[in-house]
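Student: I would like a close look at one part of this model. Please take the aromatic rings, and then set them in the wider fold.

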Amino acid sequence: MKYTLDTDFSALNGPKAGNWLRNFRDMTESAFAGRDNQTCLLGNLLVTELCVHTLRQGLEEEGLPFPTIIQQSLDLLWDYLKEQSMSADVQNFANDLYACILEHDVGEDLTDSQMAFYKEHLGNRKRSTYEWAILCKIGTLLMKWTAIHGGRLDFKEFEACEQIDFTGVSEWLDFFPDVCIDLTNTPCPSNGARDVLQALELVYQTPLFRQLVRLIQDTLKAALSATPEQYKSLREEYQKHGILPDEHTVNLIQF
């Protein structure tokens, strides 16, 4: 069976659902083949807005401020969606943000200027795994956009970047099944591979996870059919909806 972005995920059983998810990035990039980087970035941004809305709700319920750096970074990406160049300040911002993400993820040392950036934008409180995942997706998109438009790069892994891909969206579909094991109280007796795989096969068949997959599919298809004149209204629409139902927001940001 050939899977595509249009495949009805809810009709797939556990093993077939897992196979669809493993092929998600390839099938999505196939669906976007021949489209320009603006369209590909739009798809990434709309999915990100769904994730950010859920973070915002969870933080509000916990009485925590929404991180300015996430809003600022998203605004930059939307502002530059139609641009062919990036200012020096934005290039510096992208590189400093990515350096801070690497410091968090792998313990990369920061320069004095990068540490100052970290303290200004990220050093005011402890952040959840979910919040860092959002920062990673946004920071990576900023670096890819910088590379595509010939900006300054402090990180060699972006030097060959010519196309916005869907790695980040695919990573969300690796992240959320583990979250949904907890949110749906799916039995998982241990962290052993067999127990986890069995739990995941059950999660793939839950209404919660199927709803999430369908939402991402519909979001990407909305990006595929959008014109530049619709970008603003699409952002406004997707800012109103979360990646998960409201009742799960607090549990998600505590994951």
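Student: Does Phe176 count as buried or exposed, and what is its relative accessibility?

Tutor: This is a predicted model, so every value here is computed from predicted coordinates. Phe176 counts as buried, because its relative accessibility is 0% and the cut-off for buried is under 20%. Phe175 is buried as well, with a relative accessible area of 14%. That value also falls under the 20% limit.

Now the rings themselves. A pair of aromatic rings is described by the distance of the centres and the angle of the planes. The count comes to 14 aromatic pairs. Phe175 and Phe176 form one of them. Their centres lie 5.3 Å apart, with 85° between the planes. This pair is edge-to-face, because an angle over 60 degrees puts it in that class.

Tyr204 and Phe209 give another pair. Here the centres are 5.7 Å apart and the planes meet at 35°. The angle is neither under 30 nor over 60 degrees, so the pair is tilted. Tyr204 counts as buried at 10% relative accessibility. Phe209 counts as buried at 0%. Both rings also belong to a cluster. Ring pairs link Tyr204 and Phe209 with Phe9, Trp20 and Phe24.

Charges sit over rings too. Arg56 lies over the face of Phe66, at 3.9 Å from the ring centre. Lys137 lies over the face of Trp172, and there the distance to the ring centre is 4.5 Å.

Trp172 and the Phe175–Phe176 pair bring us to helix H8, which covers residues 167-183. Val179 is found in this helix. Val179 is buried, with a relative accessible area of 1%. Set aside its neighbours within four places in sequence, and Val179 is in contact with Leu252 and Phe255. Val203 is 24 residues from Val179 in sequence. In space, their C-alpha atoms are 9.7 Å apart.

Next, helix H4, residues 68-79. The helix has twelve residues, so at 1.5 Å a residue it should span 16 Å. Its end C-alpha atoms are 16 Å apart, which agrees. The buried residues of H4 are Ile69, Ile70, Ser73, Leu74, Leu76, Leu77 and Trp78. They pack against five helices: H3 (37-61), H5 (88-106), H6 (112-121), H7 (129-148) and H11 (231-238).

Finally, the whole fold. The protein has twelve helices and zero strands. From the N terminus on, every element in the order is α. Of the 255 residues, 54% count as buried. Take the contacts between residues at least 6 apart in sequence: 72% of them join residues at least 24 apart.

The overall dimensions follow. A compact globule with 255 residues would have a radius of gyration near 18 Å. The protein has 18 Å, which agrees. Along the principal axes, the C-alpha atoms fill a box of roughly 50 × 40 × 35 Å. The protein exposes about 12400 Å². Carbon and sulfur atoms supply 46% of that area.

Back to your starting point: Phe176, at 0% relative accessibility, is buried, and its ring meets that of Phe175 edge-to-face.

Note on methods. Residues are numbered from 1 along each chain as its sequence is written. This is a predicted model: local features need pLDDT of at least 70, side-chain atom pairs count only at pLDDT 80 or more; totals for chains, interfaces and linings use all residues. Side-chain values use heavy atoms; hydrogens and water are left out. Helices (H or I, at least four residues) and strands (E, at least two) are DSSP runs, numbered from the N terminus. The expected span of a helix is 1.5 Å times one less than its number of residues. Buried means under 20% relative accessible area, exposed over 50%, partly exposed in between (1.4 Å probe, protein chains only). Contact means heavy atoms within 4.5 Å. Rings of Phe, Tyr and Trp (its six-membered ring) pair if their centres lie within 6.5 Å; planes under 30 degrees apart count as stacked, over 60 as edge-to-face and the rest as tilted. A charge sits over a ring if NZ of Lys or CZ of Arg is within 6 Å of the ring centre and within 35 degrees of the ring normal. The radius of gyration is taken over C-alpha atoms; the globule rule is 2.2 Å times the number of residues to the power 0.38. Accessible areas come from the Shrake-Rupley method with a 1.4 Å probe; for residues, only the protein chains shown count as cover.
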